[in-house]
Amino acid sequence: MLNIYLTIVLAPLIGSVLVGLAGNRLGRKLSHSITILGVAVSTVLSLYVFNHHVLNNGDVFNQNIYTWMQIGGLNISVGFLVDNLTSVMLVVVSFVSLMVHIYTIGYMHEDKGYTKFFSYISLFTFAMFTLVISNNFMQLFFGWEAVGLVSYLLIGFWHHKESAIEANLKAFLVNRVGDFGFLLGIAFVLMFFGTLDYAEAFSQKDQIIGQTLFGGFSAITVVCLLLFVGAMGKSAQVPLHVWLPGSMEGPTPISALIHAATMVTAGIFMVSRMSPLFELSDVALTVVMIIGAVTALFMGLLGIVQNDIKRVVAYSTLSQLGYMTVALGVSAYSVAIFHLMTHAFFKALLFLAAGSVIVALHHEQDIRKMGGLRKKMPITYITSLLGTLALIGFPGFAGFYSKDMIIEAVHYSDLPFAGWAYLAVLVGVFITAFYSLRLLFLVFHGESRVDSHTEEHLHETGSSITVPLILLAFPSVVIGYLTIEPMLFGGWLDNAITIDPSHHALAELKDHFYSAFALLTHSVVTPPFWMMVGGAVSAWVFCLYRPDWADQIQSRFKRTNYVLNSLYGFDRLNDIVFVKGSVKLGNLLWKISDMTLIDKVIVNGSAKLARYLGVLIRPVQTGYVYHYAFFMIVSLMLVLGWVLIASDYSFFS
Amino acid sequence: MDSLLSILIWLPILGGGAVLLIGNERSSTAKWASAVISVLVFILSINLFLDFDTSTSAMQFVEKMSWISQFNIFYHLGVDGISMPLIILTTFSTILVIIAGWEVIQNRVADYMAAFLMMEGIIIGVFSAMDSMLYYVFWEASLIPMLLIIGVWGGQNRVYAAIKFFLYTFLGSVFMLVSLIYMYNLGGSFAISDMHALPLTLVQQGWIFWAFFLAFAVKVPMFPVHTWLPDAHVQAPTGGSVILAAIMLKMGGYGFFRFSLPITPDASSYFAFVVIVLSLIAIVYIGFVALVQKDMKKLIAYSSISHMGFVTLGVFALFSIMKMDSSGELISIAGASIESAYLGLEGAMIQMVSHGFISAAMFLVVGVLYDRLHSREISTYGGVVNSMPKFTGFAVLFAMANAGLPGTSGFVGEFMVILGALQANFWYAFLAAMTLIVGAAYTLWMVKRVFWGPVINPEVSKLNDINAREFGILAVLAVAVLWMGIYPQPVIEVMHVSIANLLEQALTTKIPGML
């Protein structure tokens, strides 16, 4: 099996390196063929691995590949851990990546950086694989930062745009804030367990129970919270979410692949992987749940006021990542992974559909300048509709199952503040439905607001764009129905996830679960369903039925509108405190401490002092012998006197 | 080969003399001769690695001859796992600077090449000397070629920078000489190994420690004796900056390993906290200073200081991790493992080698731009990627390495030191890990302003991408940076036994009566 895993991981890397180094010589066609082939190989083999591990209960594979470093008794290796969790992630990542690779042929065909783009997205796929397949913290951190690197390169892909290169710097630095905590968390793991290997560390997890840090804080809570800071950066949880909307400056395929389906879910994956540790700290889990709930609700609200097609979807992603995080908090890890999977499909679909619209409209992204596109772009419209229904949790669609299960799990949780979190995720359903359908209505329904010149040439996009849309639409519809039972209650993820019996949300879900079909028929009497209907109807009213009411509400609630439009002031705060503050601090230290105090006063000052002393002493050097003789005699007397006093007159005795 | 180290020292020094004789008029011959010599020395130095016995901490490739017999001074050479990697780093970097100066240096070419060759031999002497007088002679001698390199081929303010460099470092090392003579008076020997064994009271150790500290801290350089470095780098030609950053700073770090820890273990332990605080100041404070630099070379110079802070932190953190109990057993303080002390020390070593690659690469990157537009100002550039895509690829790779991206050598040392330092004290690790954010901020902000963005300066759009020579140098460095990031084990393996021995020495008290 090792060779299969190695091939999965390395095939995209080989494609990326080949195209990256020789893209110009290979030409466009060969470049995209090579990288697509690499990812296709990975996809097929991932399905094989999935079949082997998940469907046929294959043994967990855990093996080191090579020793990265051996220091005394500490071994840090590069190695693979393939269990069912990894298998699911491999399939999700490789499939979405393959779709995005194909889609890119159409989307980027006019771009000068065509081959470079393929090299980057293949490199990303490699990095994401190393992240999910790692069996230790070091390699996890490698993959973690490597995906961040590619994200940086791709957000700034159109490097002539000032907004793009500002966004990629911001993305990298905000992620580094998360990694700062993550690295300290990893360092604590080494300190308490003496190893960075998952299996070894988790097997001695009991050692950390009862230990304290900083005079009284529970050690496990500190460790989990630090690790979670890493997850907050990568998975864009409040307040480290600020980079994700900006990342929309990158080309749309990577918004789908990196900033919706895969990389941003790395935090969710990581916390699930660390479930043996997180289960030991109720405090950490509560924090995870609260942060998730806040993100789910408040980032969703921002989606309502956005007018850029990609940003609406981006805030929706933030909100859905919040849902996954809430699920982690209530120890429903498998539900989080389930939502991660369904979300990967329908959100990638929505992004790629948005990209299809953007291409058709010659890179127009403002939804106020769209409308009525459903007739001209039927495939994009229908696939978008399916994706939207999945996102808002329309009964039967993929998102219905995963989101309902999260809401129910929060309902059953008895962590402190779980009641508030439940309220947040419930209201979140209304908001999700509202902004999603607002987007759908404004883009595809109603009167066309497209300018006449573009309108004339408007047509459905080419097959390399529409085929991935269609292929992604299938799982967006059915994957929830098909996999909810085995994944949540059938033990698909049991060999990767540990749940403490005291956290019984998932167990209660299981008790109340009969079948996917029963869930469907039962849905009309559940609160989330009516929230969803409420949001959908509101969107219809404000966007199609009486658009003027929306304006009236906006002018009535100016203050709320201001708060939402300024994105709660996070950007301003960061700009003033961290960006300008750091520059000020740097200047202060440099100019006052370094240049003035050390250099001018001490270093050049001592040079000046030396010269000054020289000037002072110079008159003594007169050249007259009798002056020198005088100094000699006086000095001799002084020295003798000192010797006499110092020796207590013993000289004479 | 019995006299491999002597050959490594004297071949480049004498070869440099020969290049001088070739003369500046025949510059092409001088260049080729220098290149051949530097490549030859590098190939020979590989033998140190290949024939190195990783199972012993004893000195290897030892040579010993009487030199000044009245004072018991010997021409005594040898290497262990600590000095050997630094020697190879030296021979490697010298090839780079010789080739990097190929077309760029037009003025007094033979002198330039000879200075670097002599520099190479002298620095190998520093790293391989086992007699402290021999060491001191090489140590001081290394100032001369660098002084000339800055003073002759430097920028506009080169004289100020050269003198500042010289006085700063000379002042530091004078005190070292005094303490070496002091120990000779006590023990009757200048052999470094005898000094390691010399019993010293805490007061004696304290004086010696600070005398050494001044010498090494200036070289590293540590806060607050770092202000010569930005000036020296800004004024030095590219090759000078490369050698300065890649190798000369390592002489300071090496000094802590070879002298401070084993000769004054109790004082090192006693004052460790001071050194750690200064290291953390270097990492954080200098990081912020680097952020606001407008001159690329200054920015990288400050970044060097910040990165070298990890070296001193990694070394001195060990005293908060391990101690020796009365029966001579190593025991841990506060439950830390001995591996974390190794992580600190070996992380420091890795950081030195890695910084050698990365700082060399960063200065060469700036050099490539400077050669074209004769400006080091960040604001001159912007959008360089448009006209120099290949070059930008390298620059971004090295910038990422500078920001400590995993998979590059820049990550390995910092990772190890942070992991080790956390077991000494959480706040050490906390402050050191700030570099993850600050280091990325200053490096990538520079990348953004220089390489990305629209082209504002019309000169930038006319830039030619790197030629084969420049490509070759940067590619070699890129391979080195990636190789050490992906597979650092060979370097770790080479040094581990020596480091383990050093750890023991550093934790064994030398105070008479407490032995």
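**Exercise 1. The contact of the two chains.** Determine how many residues the contact takes from chain A and from chain B, and which element of chain A gives the most to the side that touches chain B.

*Solution.* The contact takes 43 residues from chain A and 41 residues from chain B, where two residues are in contact if their C-beta atoms, placed from the backbone, lie within 7 Å. This is a predicted model, in which local features need pLDDT of at least 70 and side-chain atom pairs count only at pLDDT 80 or more, while totals for chains, interfaces and linings use all residues. Residues are numbered from 1 along each chain as its sequence is written, and chains are lettered from A and ligands numbered from 1 in the order in which they are written.

The next step is to turn to the elements. On the side of chain A that touches chain B, those that give two or more residues are strand S1 (61-71), helix H4 (137-155), H5 and helix H25 (570-617) of chain A; helices (H or I, at least four residues) and strands (E, at least two) are DSSP runs, numbered from the N terminus. H5(A) gives the most to this side, with 15 residues.

The last step is to sort by class. The side of chain A that touches chain B has 26 nonpolar, 11 polar and six charged residues, where Ala, Val, Leu, Ile, Met, Phe, Trp, Tyr, Cys and Pro count as nonpolar, Asp, Glu, Lys and Arg as charged, and the others, Gly among them, as polar.

**Exercise 2. Helix H5 of chain A.** Compare the reach of H5 of chain A with the expected span, and decide whether this helix is largely enclosed or not enclosed by the rest of the structure.

*Solution.* Helix H5 of chain A covers residues 162-193, which is 32 residues, and reaches 46 Å from its first C-alpha to its last. The expected span of a helix is 1.5 Å times one less than its number of residues, and the reach of H5 is close to the 46 Å expected.

For the second part, a residue is buried if 20 or more other C-beta atoms lie within 10 Å of its own, exposed if 12 or fewer, and partly exposed in between, with C-beta atoms placed from the backbone. Of the 32 residues of H5(A), 29 are buried, so the helix is largely enclosed by the rest of the structure. After H5(A) comes Gly194(A), whose phi is positive, near 70°.

**Exercise 3. Two helices that pack.** Find the angle between H16 and H19 of chain A, and say how the residues of their contact divide by class.

*Solution.* Helix H16 (residues 398-412) and helix H19 (residues 463-489) of chain A pack at an angle of about 40°, with their axes 6 Å apart. Axes are lines fitted to C-alpha atoms, for helices over the stretch in contact, and angles run from 0 to 180 degrees between N-to-C directions. Angles under 35 degrees count as roughly parallel, over 145 as roughly antiparallel, 65 to 115 as roughly perpendicular and the rest as oblique; H16(A) and H19(A) are therefore oblique to each other.

The residues of the contact include Phe400(A), Tyr401(A) and Met405(A) of H16(A), and Val477(A), Ile479(A) and Leu488(A) of H19(A). The residues of the contact of H16(A) with H19(A) divide into 10 nonpolar, four polar and no charged.

**Exercise 4. Backbone geometry in two loops.** Identify which peptide bonds at Pro221(B) and Pro224(B) are cis or trans, and state whether phi of Leu567(A) and Tyr568(A) is positive or negative.

*Solution.* Most residues other than glycine have a negative phi, and most peptide bonds are trans.

In chain B, the peptide bond from Val220(B) to Pro221(B) is cis, with omega near -15°, and a cis peptide bond also joins Phe223(B) and Pro224(B), with omega about 0°. Pro221(B) lies in the loop between helix H9 (202-219) and helix H10 (228-235) of chain B, and Pro224(B) is placed in the loop between H9 and H10.

In chain A, phi of Leu567(A) is positive, near 55°, and Tyr568(A) has a positive phi of about 60° although it is not a glycine. Leu567(A) lies in the loop between helix H24 (558-565) and H25 of chain A, and Tyr568(A) is found in the loop between H24 and H25. Leu567(A) is partly exposed, with 18 other C-beta atoms within 10 Å, and Tyr568(A) is partly exposed, with 17.
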